[in-house]
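Colleague: Could you take me on a close look at one part of this model? I would like to hear about the links between side chains, and about how buried or exposed their partners are.

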Amino acid sequence: QVQLVESGGGLVQAGGSLRLSCAASGGTFRRNAMGWFRQAPGKEREFVAAMHWSVGNTLYADSVKGRFTISRDNAKNTVYLQMNSLKPEDTAVYFCAAAVGTGWSTPTPIETYEYDYWGQGTQVTVSS
C-alpha cells in the first residue's frame with residue numbers, strides 16, 4: 001500500500017519561508033509525476049506545483065511562480081516544496097500527490113483527478 005506522508009508545515013510570518021517534504025513509502029510504484037496542491041477553508045483544492053518524474057519538467061500555478069520551487073531526492077524517495085516570500089493568502093492545508101497515469105493535457109498533471117495517491121496534508125499558516 002503506497003503512502004505519501006507530508007511534513008514541514010507550520011506557522012510563519014509573511015515574507016518567511018517553509019520547506020514541505022513528501023516521503024513515499026509502502027512499496028514501489030511507477031510514478032510519472034508528483035504534485036503539490038493546497039486547500040484553504042471553504043475553497044476547492046487547487047494546483048500549486050508539479051514535476052514530471054522522469055523528465056524533470058516542472059509546472060507552477062501563477063500565484064506561486066517565482067516564490068515556490070518543487071524538487072526531489074530520488075535516493076530518499078522524497079519530493080519537496082520550498083516556499084519563499086510567503087503571503088497570508090498562501091495559508092492552506094498542503095497535499096502532495098502522485099500520478100501513475102499519463103496522457104495529460106499539460107506537460108505535468110495539474111488536475112486533482114489526474115493523481116492517484118494523496119497524502120494526508122500539512123497545515124501552513126502565514127500571519128500578516
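Modeller: Happy to! Let me start with a term we will need: a residue counts as buried when its relative accessible area is under 20%, as exposed when that area is over 50%, and as partly exposed in between. Please keep in mind that this is a predicted model.

Let us begin with the cysteines. A disulfide is a covalent bond between the sulfur atoms of two cysteines. The count here comes to one disulfide, and the residues it joins are Cys22 and Cys96, with an S to S distance of 1.9 Å. Cys22 sits in strand S3 (residues 18-25) and Cys96 in strand S9 (residues 92-99), so the pair links distant parts of the chain, 74 residues apart. Cys96 has a relative accessibility of 0%, so by the cut-off above it is buried. Cys22 is buried too, because its relative accessible area is 1%. The torsion about the S-S bond of Cys22 and Cys96 is about 45 degrees, which means that this disulfide is right-handed.

Now for the charged side chains. Side chains of opposite charge can pair when their charged atoms come close. A search of the whole structure turns up four salt bridges, and Arg38, Glu46, Arg67 and Asp90 are linked in a network of such bridges.

Let us walk through that network, starting from Glu46. Its side chain meets that of Arg38 in a salt bridge, at 2.6 Å from N to O. Glu46 is partly exposed, since its relative accessible area is 37%, while Arg38 counts as buried at 6% relative accessibility.

Arg38 also forms a salt bridge with Asp90, where the closest N and O atoms are 2.9 Å apart. This pair links distant parts of the chain: Arg38 belongs to strand S4 (residues 33-39), Asp90 to the loop between strand S8 (78-83) and S9, and the two are 52 residues apart. Asp90 is buried, with a relative accessible area of 1%.

From Asp90 we can step on to Arg67, as these two form a salt bridge with their closest N and O atoms 2.8 Å apart. Arg67 lies in the loop between strand S6 (58-60) and strand S7 (68-73), and Asp90 in the loop between S8 and S9, so this bridge ties together parts that are 23 residues apart in sequence. Arg67 is buried as well, because its relative accessible area is 10%.

Definitions and conventions. Residues are numbered from 1 along each chain as its sequence is written. This is a predicted model: local features need pLDDT of at least 70, side-chain atom pairs count only at pLDDT 80 or more; totals for chains, interfaces and linings use all residues. Side-chain values use heavy atoms; hydrogens and water are left out. A disulfide is a pair of cysteine sulfur atoms within 2.5 Å. Helices (H or I, at least four residues) and strands (E, at least two) are DSSP runs, numbered from the N terminus. Buried means under 20% relative accessible area, exposed over 50%, partly exposed in between (1.4 Å probe, protein chains only).
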